[in-house]
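New to this one? Here's a quick briefing to read alongside the sequence and the 3D view.

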Amino acid sequence: MKSVQKVVAIFFSGLFATAFFTACHKHDHTAAENITAIELHLTGNGIDQVFTWEDTDGDGVANNIDTLVLPAMTQGIECSVLIFDRTEIPEVDITPEIVAEGVDHLLTYDVSNANGLVVTTLNQDANGNPLGTTSIWETRNAGADGVLTLTLYHEPTNKSNPSNPGGEVDFQVVFPVKIQ
Amino acid sequence: MIYRTLLTISPRRVGASLFFFLYLLAIPTMAQDCQEKLIGRLELSDGQEPVAFAHVLLRELNQKVLSDEQGTFEFTGVCLGKKYLLEVQYLNDLQTFEVRAETQPLVLKISLSNLLSEVLVAGKAGPHVHTEAACTVDQLDFDSRQSVSLGEIVRQLPGVNVLQTGANISKPVIQGLHSNRIVIVNNNLVLEGQQWGREHAPEIDPFSADKVTVVKGAMGVRYGVGAMAGAIVLEPAPLRTTPGWGGWATVGGFSNGRSSVGALALDYRSANEQWAFRIRGTGKKGGNLKAPDYWLYNTGQTELNFGLQAEWKPSATTTHELSLSRFGQQLGVLRASHLGNLQQIELAAQLDTPLNNINRFSWGLDRPYQGIQHYTASYKLNHRVNDHWKLLAQYGYQFNFRQEYDVVRKTGSAAERAQVSFRLWTNALDLWVEHRPGKYWQGEGGIQVIHFLNYVNRGAFIPNYQTWGASVWAQERWRKHGVPWEWEIGGRYDVRHSHVYTVGNTTRDLNQEVLFGSISGIGGVHYHINEAATLTLHTGYAWRPPSVYELFARGVHHGAGTYEEGDSTLVPEKAWNSNLSFSFRPVPESPWQLTATLYYNQIRDFIYLNPALTGKVTVRGTFPAYYYRQSDALLRGLDLQLQTPLWEGWGTEMRISLLRADRSTDGGRTPLPLMPANRFQYGLTWQRGEAWQVRGMANTVLEQKRVPIEGLIKAAPSGFTTFSMDASYRFERSNRTWELGLTAQNLGNLRYREYLNFFRFYADEPGFNLGVRVKCIF
């Protein structure tokens, strides 16, 4: 009889302890993957500008997308992409993590109008495959406007195929392009 | 002189036990005369209440009679001194007795298990009269799939399907409706979790139950606002009645996924018989499933569950029951299904093999995976006031904790944590009475107060809320011996008040209160055409308030790959659900059995997700956008189950599920999305006594042609036929009962996809699967 009561008591307390312990964790132990700002820093050949795609209220939908207004017939423009989570205070710069896990990331640039802009990825990951957080831009004819789509792939399976590298899309943002 | 016989019983259900004291009454005549009447009376042993409306069958004379309100039954043409086989069918139990006709009065005393005593009110005991269409999952189907999931168990019944996100996540669908339109009741507690989610399977361990019944139709009067289309009712095996220890242990495994399951239950009843308890535990582990051509990477699972059930009966009139349980599960989710934007989904949908799949077996659970914990604690009090009244009270507590772990960067704060988490606390207090106001009436009624508290983390797309609810309900049944008609009527009023708010989730400032209230009702009639056939008509009016996610959701639902937006102006759904059932069974346990149910369910302001013409552009790209809308819907169909004998031991089994579901739109009627296709199950059964049972079934599912065109990324899969086999062998050895079972699914290793499985965009269903199980009842 006594040992049975002991078993029951231990079981009860174990069950309640687990429930109690988990239930009382009021603080947030989750971390959402928020990318809320993507900045394109363009330098070189007379250009020093920052263009931003931003989701200011953190709901995933863009609040502000800068138009990339670029001078025609210019080569050698270096572009550095910075990625931020601005729902955190202070803001978190996610770019170093992406570069550190370069093997697991690929940033692709898709230009709709090749008569206006050509983008070539610059930096590579630790295995010598493209990474793409930095790139070289070359503008061509004025008036050949279009859009530029930046896509960050996570854990791509085939980095040599920029149109379908596999993996998941961490972000895919579209900037309007105006060549003047 | 009284001749007393203690009979050996072979109970059909483990745990139930009947004690019989036998007295014989026969008009004294010559020994060889066969004109006597065998008059008997069924009584409860703890009182002297008669057991009314039980079937008693005398095998040798093939006479079947029904005991009346006094529990009396009578057979004619009996020989004195001769042995007879009497079978008493009461509720769902069948007991066989060998009886010798003597010259003494015949009184069969029945001591009922705790489970059955719930339906009785001392004084005029009688079985629950139900007019709704209820099917109980048969024992072989239940045992073969008990270690898989609740969805797999119930989908064997006609009219019941599952909505799946891979083979591991199955949500039951009753006559086309699911999630917030059906309730799952486990040991009289309504399961409350995040059931709105398509990929949120019910948090139930099938090993906690001994019997699963699916009740179709408007069950709102008994179970409240969530039971518009029906209820799945799980009941545990009754607690041990004889003093001492007992229990059972099951070990099993499945080849597909290399999964193994172990479950143990220990039952105890005290020497003074006043209290009893059961401790049980279940553990399960499985790895990747395999479709015929490739492994489904990251579809493993682990599960660890515990339960305690205790009962204390200090007097004949009062019973206290306590139940505690813990359900813990981790489910891997196929990588391909958590892709992202429309472009990726369309790309993946065109491929024959899943995108991003690693084609090998593994045990580990990688991201993405789900982590679910569900705790319940309930206390129930049962007090018999007098012959006509019984008071009951139940307090139920539930804590549901659900987390989603998505694929994230390895460094950074996200890597060690869940990306989405939901916590829901539910407290429910029920007070009700059961009464027998007159000789022919039996009923119950009560009130309920319920409270919900829901917290979601930052990043989830639904807000926090706190909901209070109150209800009052009553139900009455009329039945008279000799009259072939039975009637049932019931009504309920519910009110639900929610306070919805966001806590710094986004700059979305939501702080709103919503209040909904409505009546609901049921009416039913049961007509006994003869001893073998009955016709039942059940109709009910039920309602459902729009849930918090239907009102206020906003954002990308990553698990579904869609952007969803709620509508805060939605009004409650109102359903008028009727079903007409015909059932035929010549005698209890006859190999001939037919059950057919025709149903007609009209729902006003049916809430559904309507796809928009343009997608929603978010930081992750374009997602198909769905907005909650409401319009009128109509669901109608037929569920049919037929068993026939063939020759010695052999028989056939056939189950048919037909459904046609539409909603009204501007242009007229369009099909409702995600409705089960018509399905036919048919096969052969073989059994030898109580020991051997084998069933081989073919399952033909037709192509679902009734699909709305808009928002369709991939056409519904074509029809298919799969084959399965279940077998079980039961034997006794050294005072223990052993059961060996063998189950085979997808015998032909067919490549096929199901329309209701979200994985159909990416991967085939699992291939051949062989399961074995061993159960020991001690």
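The domain bounds used here come from an automatic or database domain assignment. With that in hand, chain B is split into domain 1, covering 1–112, and domain 2, made up of 136–140 + 151–777. Keep in mind as you look around that this is a predicted model.

**Domains of chain B**
- Domain 2 of chain B is written in two pieces, 136–140 and 151–777, while domain 1 is the single stretch 1–112.
- Going from the C-alpha centre of domain 1 of chain B to that of domain 2 of chain B takes you 40 Å.

**A sheet in chain A**
- Four strands of chain A come together as an open sheet with mixed pairing, and their order is 4-11-10-7.
- Strand 4 (68–70) and strand 7 (105–111) of chain A each have a single partner strand, so they sit at the edges with one side lacking a neighbour in the sheet.
- On average, neighbouring strands in this sheet are turned by 25° against each other, direction ignored.
- Strand 7 of chain A runs antiparallel to strand 10 (residues 146–154) of chain A, and seven bridges join the pair.
- If you want a spot to zoom in on, try His105(A), which stands opposite His154(A) in strand 10 of chain A.

**Cis peptide bonds before prolines**
- In chain A, the bond from Ile89(A) to Pro90(A) is cis, with omega near 0°.
- You'll find Pro90(A) in the loop that links strand 5 (77–85) and strand 6 (92–93) of chain A.
- In chain B, the bond from Arg367(B) to Pro368(B) is cis, with omega near 5°.
- Pro368(B) belongs to the loop between helix 5 (342–350) and strand 23 (369–384) of chain B.

**Positive phi without glycine**
- Asn45(A) isn't a glycine, yet its phi is positive, near 55°.
- Look for Asn45(A) in the loop between strand 1 (37–44) and strand 2 (47–54) of chain A.
- Asn45(A) has 15 other C-beta atoms within 10 Å, so it counts as partly exposed.
- Over in chain B, Gln175(B) has a positive phi of about 50°, and it is not a glycine either.
- Gln175(B) sits in the loop between strand 10 (170–174) and strand 11 (177–178) of chain B.
- Is Gln175(B) buried or exposed? Being buried takes 20 or more other C-beta atoms within 10 Å, and Gln175(B) has 31 C-beta neighbours inside 10 Å, so it counts as buried.

Terms used:
Residues numbered from 1 in each chain as written. Chains lettered and ligands numbered in written order. Predicted model: local features only at pLDDT ≥ 70, side-chain atom pairs only at ≥ 80, totals over all residues. Pairing = 2+ DSSP bridges. Helix = DSSP H or I, 4+ residues; strand = E, 2+ residues; numbered from the N terminus. Axes fitted to C-alpha atoms, helices over the stretch in contact; angles between N-to-C directions. Buried ≥ 20, exposed ≤ 12 C-beta atoms within 10 Å, placed from the backbone.
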